[in-house]
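Happy to walk through the contacts and spaces in this one. Let's set each value against its definition.

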Amino acid sequence: MGMLICLNGKFVPKNKAVVSVFDHGLLYGDGVFEGIRSYNGRVFKLDEHIERLYDSAKALVMNIPVSKEKMKAEILLTLRKNKLKDAYIRVVVTRGPGDLGLNPTKCPKAFYFIIAASIALYPEEFYKKGLAVITVSTRRNIPEALSPKIKSLNYLNNIMAKIEANNYGVLEAIMLNREGYVAECTGDNIFMVSKGRLVTPPTSIGALEGITRDEVMKLAEGAGIRALEKTFTTYDMYVAEEAFLTGTAAEIIPVISVDGRKIGSGKPGPVTLSLIKKYRELTQSEGTEIY
Ligand code: PMP
């Protein structure tokens, strides 16, 4: 049996899962989404992802046509229909079909779909060896123009940065905010270990409120490591003891160099490795049961 996609609550085969060319998600990037993971038959942080999805939609005055409870039930059903235990789940809500103008009031009903697939992670070697990243010239969207807290279908800012990363042959790029402070990466939040403390930029300067970010700060505090939000520059990263990125898909991935400067020993550091271990234990033991 091939992959089944949940399209507005109905299950259709992959080749029948299509969106209208008049959908404003496609025409204008007018929509919201979530990337969610399931591990070992449990969906990790389902409530948190659903809250963020509905909050993003609310900020865009987009009415998701089903309740949060129904959306959760449909996510679980999509996993069951596809017989998945370990999966990457993509939930997308678009403004729906309208006319060719950008006015969202011309789109009577939001459109949604849920895809559950097997996961494409960074190859395991990067979790052991770490990633080299660079700072790119594309600045993160200014929060006054479009809040980076909204997980919208408008990822062009991040894609511009990803193109720069590709051009330099690295897998991720550090994006600065307009003032030149480190904001986040194209699809991940960023952390450094500095003077024994775990530091990440405040989301108010231009970063998504990452669900993994939040959990990692709690895990660090639980292990007696002070975790704080503080603005910092690339210089602070160059002289940090350790650095890593966090995201639902990437989990926690060590960073071993920034702009050609070796971070710490040039190998994933002890704080990073212990957080990876703790995070993996948590993902294997917590979450909403699928079956
Ligand atoms: N920042 C950006 C720009 C993202 O797209 C993501 C999610 N891929 C993250 C950070 C990490 O967020 P989360 O931990 O909630 O997946």
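Q: What makes Tyr155 a polar contact of the ligand?
A: An N or O atom in the Tyr155 side chain is 2.4 Å from an oxygen atom of the ligand. A polar contact is a pair of N or O atoms within 3.5 Å, so the Tyr155 pair counts. Bear in mind that this is a predicted model, where local features need pLDDT of at least 70, side-chain atom pairs count only at pLDDT 80 or more, and totals for chains, interfaces and linings use all residues. Residues are numbered from 1 along each chain as its sequence is written, and side-chain values use heavy atoms, with hydrogens and water left out.

Q: How do you know that Glu184 makes a polar contact with the ligand?
A: One of its polar side-chain atoms lies 2.6 Å from a nitrogen atom of the ligand, and therefore this pair meets the cut-off too.

Q: What makes Ile211 a polar contact, given its class?
A: Here the backbone does the work: a polar backbone atom of Ile211 is 2.8 Å from a ligand oxygen atom.

Q: How much of the ligand's accessible area does the protein cover?
A: The protein covers 92% of the 390 Å² that the ligand has on its own, by the Shrake-Rupley method with a 1.4 Å probe.

Q: Which residues surround the ligand most closely?
A: Of the 16 residues around the ligand, the closest are Tyr155, Glu184, Ile211, Thr212 and Thr248; a residue is near if one of its heavy atoms lies within 4 Å.

How values were computed: Polar contact = N/O pair within 3.5 Å; in protein donor to acceptor, adjacent residues only side chain to side chain.
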